[in-house]
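Colleague: I have a structure open on my screen and would like to learn how to read it. Could you take me through it one feature at a time?

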Amino acid sequence: MASQHGKSGLVRRVGAAIAESKSFPVGASISTLWALLVLSRIDRGMAQVHQPGGPSYGIAALSGRLFHGWSEVHVGKILDAWTAVEGLHEEVSAWRFWYATVDLMLVASYVGVLWWLLQRFRSRDSVLSGAVFRLWLPFALIVVEIIEDALQLWPNLHKWAHYALWGATRAKWMIIAVLVVLILVNVIESITEWSKEPGQVPRVMKAVGRLGIQLAAVTAFAVLMLAPINDQPHDMLRRAVEGGVWAWGASVAAVILLGGVLYYSDSFGTSRQRWTGAPPWIMLIIGLILAALSLRLSQPRLMAPAVLFLAIWTIGALAGWPWAYEQVHKSHAVTPGQESAFELENRPAPEKGHWNRTNGTRDVDARLVYQIRCWLAVTPLVVTALSVGAAETDPAFFGMETYAHRVALGTSLVVAVLTSAVTAHFVQRTAKEEGSPNQAPGPKGLRYIVQLLPLLGVGALYGLGLDDVPQLLGGGLGVFAVWLAALVVALTLLQRGANSLKTPRGLQALGIQRIPVVMLLAVWVLLASLMDSQGPYQIRTGEKPKSMPTRADAGDEFTAWAGTCVTRGKPRPLVMVSASGGGIRAAYWTAIVLDRLAPPNPALGKCGPNQTLFVASGTSGGALGLVGYTTRSGMKYEKDWPWQQFGGDYVAPTVAAMFEDLPKAFIMDGTFDRAQALEDSWARSNTKLNDTFSWGPHSPETRPELILNGTTTKGCRVTISPFKIGGAEAADCTHSSAIPDSPGDLDAMNLLCGRSIKWKTAALLSARFTYISPSGALPGCHDTAKVRVVDGGYADNNGAQSLVDLYTKELRPEILSYNTQHPDSCITPIYVHVANGYQATTPTVLGPRTDEVLAPLSTAGAVRDQLPKVALQRARAALSSDLGCPSKAAQRQRFFVIQPSEHPGVHAPLGWTLSHAARSDLDRQLSAIACEHPWKSPDHQKWSELTQWLGTKPAC
């Protein structure tokens with residue numbers, strides 16, 4: 001009996017110790033979040049295990065939808081879908097096992113959090129405490145979860161097991177709902193009681209306000225790394241892991257440096273004295289001088305700060321403030337009772353418990369500020385670890401080379417949990433200590449060094465160039481962390497300097513007690529963008545020529561091609577290619593598809609498979625891939641050229657250039673911006689991109705002729721091509737005096753007044769995706785408003801509209817005429833669309849009714865999504881017309897779409913860098929299409945027919 005009492009007493013003591021600890025709930029919460037991220041990835045991968053055309057199911061589908069009956073769950077069909085895929089039976093069993101393992105860890109974590117909360121509120125005087133705070137509820141939840149996971153792992157779920165699984169899932173969610181509701185009730189009660197204590201809410205608000213810049217920066221970092229908006233940050237992390245010790249170590253060091261800057265940076269000084277000698281009319285003088293300079297130098301962005309200064313001065317004057325500040329010398333000591341509200345708020349932070357004797361309110365709590373600093377210091381590292389967990393799940397479980405990714409996956413959990421738990425313990429221990437530092441502790445020299453390092457890193461980027469320094473910082477993640485740290489340092493220094501000045505009377509009249517630097521800068525940028533109709537981002541061009549260049553004529557190009565490549569008595573295909581946008585994923589996919597479909601073959605002379613590609617049209621990343629395929633023709637052919645051209649890290653130099661680009665939003669109008677940094681990084685991988693893009697006919701070796709598609713900010717399409725397809729009037733593409741070959745299109749050469757551009761600039765005109773790269777201004781022929789061009793995907797993400805218009809107006813009449821005159825040598829047009837989005841191979845269903853409230857927004861989005869598909873339908877319809885050719889070959893299929901399909905594993909992201917894991921996935925996708933290995937692709941039959949047309953030998 002004594003032994004039992006001793007054991008129960010030990011259990012109670014351990015429980016009490018855990019309940020008093022902050023490390024346990026914080027670590028359990030982080031592990032819960034990590035497990036949720038990993039489970040969602042595994043479940044998504046399992047949902048992609050199915051036969052083409054068959055239904056797909058995730059593991060959660062075994063239990064059915066929560067509010068549906070058990071009869072609607074077809075377990076047999078789910079298991080059949082997972083086991084029907086050839087070669088994946090053992091992998092599916094392993095994935096189910098690991099899903100159950102991670103799910104048990106999830107259960108242990110979130111049950112631990114719930115149990116800790118129950119223990120914390122158990123002693124509260126609540127009407128619910130006697131009825132609800134029973135600790136058997138969390139343990140019952142664990143038992144139910146174990147039963148659910150065991151049944152999900154069962155190889156063949158019989159009918160009784162099916163009922164048990166359905167019931168266990170509902171019981172689990174019922175228990176969770178009860179616990180969450182009861183805990184929320186007590187949390188709300190606690191917050192209400194806490195807020196009623198005098199000075200508590202102002203104390204927290206002052207502490208948060210003091211670290212507003214740091215909190216905004218860490219929030220931006222967390223949203224970028226964890227929000228499911230785009231998979232580019234996750235693939236950037238995979239690339240860092242694959243880059244070895246230096247790349248990964250440099251990235252982690254940059255993240256730690258960001259944490260150090262968030263910890264040490266401070267926009268509030270320790271001195272109470274502020275410089276107050278400037279009279280208010282100084283603001284009037286400064287505003288007038290800036291306005292005069294703006295007009296004299298033709299710099300409209302200088303007018304924005306002028307308007308700000310004049311507006312603040314005018315508000316102060318109209319509010320009835322004196323026309324001169326009270327002269328207060330630096331040596332004048334401010335005695336208690338004479339301090340302004342601003343001075344009372346921002347005086348040196350006292351210890352916790354110190355009350356301001358003047359107004360009876362609590363000053364900024366130094367202890368609370370210090371605790372927030374500690375959490376700011378570790379948050380970037382914890383967020384990065386969680387993001388690594390989400391990023392490495394796919395390659396660790398579904399990839400080919402899994403060792404490094406599995407190590408990174410396990411390490412991410414350890415780092416996230418230990419870092420957060422140790423920080424919670426340290427903060428809890430510090431809260432119990434007597435005294436608290438007014439500023440971040442540590443040697444003053446260390447504080448200065450930590451804040452100086454990111455500025456030195458940014459200086460190195462521009463002093464040593466954007467070629468190698470971004471890679472020394474670990475790639476995109478390292479550059480972004482250093483860039484964000486430098487921005488925090490710059491803003492805090494500006495705010496600190498502003499705090500040493502007396503708040504202008506105009507701001508005081510608005511109830512603002514200190515100069516809000518960040519807000520004023522934001523207003524400055526907004527006003528500058530509204531006042532500057534031209535903008536600073538002009539593309540790089542040559543000088544304006546005396547006469548317009550000679551353009552290529554589609555009819556002449558066709559005649560020359562037919563005279564060289566068509567053999568009498570043999571049918572000949574003429575291939576047109578369109579490539580959709582999608583960043584570097586689209587570029588690499590387009591390049592490997594065309595390289596495998598139509599590789600150069602010197603043995604076939606001037607009319608090999610690559611010469612069969614007559615014209616190609618692309619948008620965004622697809623346009624870049626077409627440019628890479630065309631410019632590689634003059635280079636020494638290498639098998640791995642697509643990766644050599646598109647395997648670089650193009651995110652890092654673009655992010656690095658943003659710090660130089662940032663001042664242009666205020667006053668500068670320089671010649672370099674982040675868009676030019678992006679195109680220069682492309683040219684470092686392919687030096688041919690530095691050559692001049694020709695507006696006239698290209699040599700036969702550089703076929704296909706290209707049409708690169710952009711979009712103006714007024715909604716018109718822009719074509720960069722040797723062919724004149726679009727109109728010449730920039731004001732309105734729909735009201736041209738002469739209808740162009742492609743309605744709604746503008747011709748870039750006419751907009752540029754014949755100026756020359758380089759290949760890299762031509763490609764970027766189609767790939768300026770805001771905000772990664774800014775809109776590009778095209779210098780016009782006269783003093784008119786510049787046409788601004790953005791990504792071509794806004795108007796036509798497939799690049800099909802301009803190509804179909806060219807074929808309909810120019811090529812089809814030529815082909816029909818030729819076939820009529822040479823019936824024994826039929827020229828057959830073939831259309832190939834290279835799409836890079838992962839196509840779903842499950843049956844298409846209509847889906848539920850759209851909610852009436854959301855119907856306008858959802859319909860507008862659906863219409864925009866349908867436009868590219870309609871353009872492809874137009875292409876298919878255009879090819880169905882009569883060719884005037886009696887050959888049976890003309891009756892065969894002539895429209896092909898080559899596209900990757902959903903499959904378990906890493907999906908290449910939309911962005912400007914690819915990891916080796918993402919590259920490997922695209923390579924395997926093409927292998928599946930061309931060779932039905934390592935899985936069967938729904939596009940294999942299309943590929944076989946297409947290669948028969950072109951005479952390409954299979955390379956399987």
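Modeller: Let's start with confidence, as this is a predicted model. The protein chain has an average pLDDT of 77, and 76% of the residues score at least 70.

Colleague: Which helix has the lowest mean pLDDT among the elements, and which the highest?

Modeller: Helix H14 (residues 341–346) has the lowest, with a mean of 43, while helix H23 (residues 583–597) has the highest, at 93. Confidence can also be followed along the chain. Over residues 322–363 pLDDT stays under 50, and the model has 80 contacts beyond four places in sequence for them. Residues 127–133 also stay under 50, with eleven such contacts.

Colleague: Now strands. How many residues of strand S10 are buried?

Modeller: S10, which covers residues 827–834, has eight of its eight residues buried. Look at the two sides of the strand: Ile827, Pro829, Tyr831 and His833 point one way, Thr828, Ile830, Val832 and Val834 point the other way, and all are buried.

Colleague: Which strands are joined to S10 by bridges?

Modeller: Strand S1 (residues 572–579) is joined to S10 by eight bridges, and the two run parallel. One place to look is Leu574, whose bridge partner in S10 is Pro829. Strand S11 (residues 895–898) also runs parallel to S10, with four bridges between them. There, Val834 has Ile898 as its bridge partner.

Colleague: And helices? How should I think about the way their residues point?

Modeller: In an α-helix there are 3.6 residues a turn, so residues three or four places apart point the same way. For a case here, take helix H25 (residues 621–631): eleven of its eleven residues are buried, so the rest of the structure largely encloses this helix. Among them are Gly621, Leu624, Val627 and Tyr629.

Colleague: Why does Val651 count as buried?

Modeller: The cut-off is under 20% relative accessible area. Val651 has 15% relative accessibility, so it counts as buried. This residue is found in helix H27 (residues 651–661). Leaving out residues up to four places away in sequence, Val651 touches Gln232, Met236, Gly476, Trp912 and Thr913. Its C-alpha is 9.0 Å from that of Val479, although the two are 172 residues apart in sequence.

Colleague: Is Asn819 buried or exposed?

Modeller: Buried, because its relative accessibility is 1%. Asn819 sits in helix H31 (residues 800–821). Its C-alpha atom is separated by 7.1 Å from that of Leu883, 64 residues apart along the chain.

Colleague: My last topic is aromatic rings. What describes a pair of them?

Modeller: Two values do: the distance of the centres and the angle of the planes. In this model the count comes to 17 aromatic pairs. Phe221 and Phe480 form a stacked one, with 6.0 Å centre to centre and 10 degrees between the planes. This pair links distant parts of the chain, with Phe221 in helix H9 (residues 212–226) and Phe480 in helix H19 (residues 476–499), 259 residues apart. Both Phe221 and Phe480 are buried.

Colleague: Why is the pair of Phe693 and Trp759 edge-to-face?

Modeller: Their planes are at 85 degrees, with ring centres 4.9 Å apart, so the pair is edge-to-face. Phe693 belongs to strand S3 (residues 692–693) and Trp759 to helix H30 (residues 759–765), 66 residues apart. Phe693 is buried at a relative accessible area of 1%, and Trp759 counts as buried at 8%.

Colleague: Which residues form one aromatic cluster?

Modeller: Phe558, Trp561, Phe614 and Tyr818 do.

Note on methods:
Residues numbered from 1 in each chain as written. Predicted model: local features only at pLDDT ≥ 70, side-chain atom pairs only at ≥ 80, totals over all residues. Heavy atoms only, no water. Buried < 20%, exposed > 50% of the residue type's maximum accessible area, 1.4 Å probe, protein only. Pairing = 2+ DSSP bridges. Contact = heavy atoms within 4.5 Å. pLDDT = per-residue confidence, 0-100. Phe/Tyr/Trp six-rings, centres within 6.5 Å; stacked < 30°, edge-to-face > 60°.
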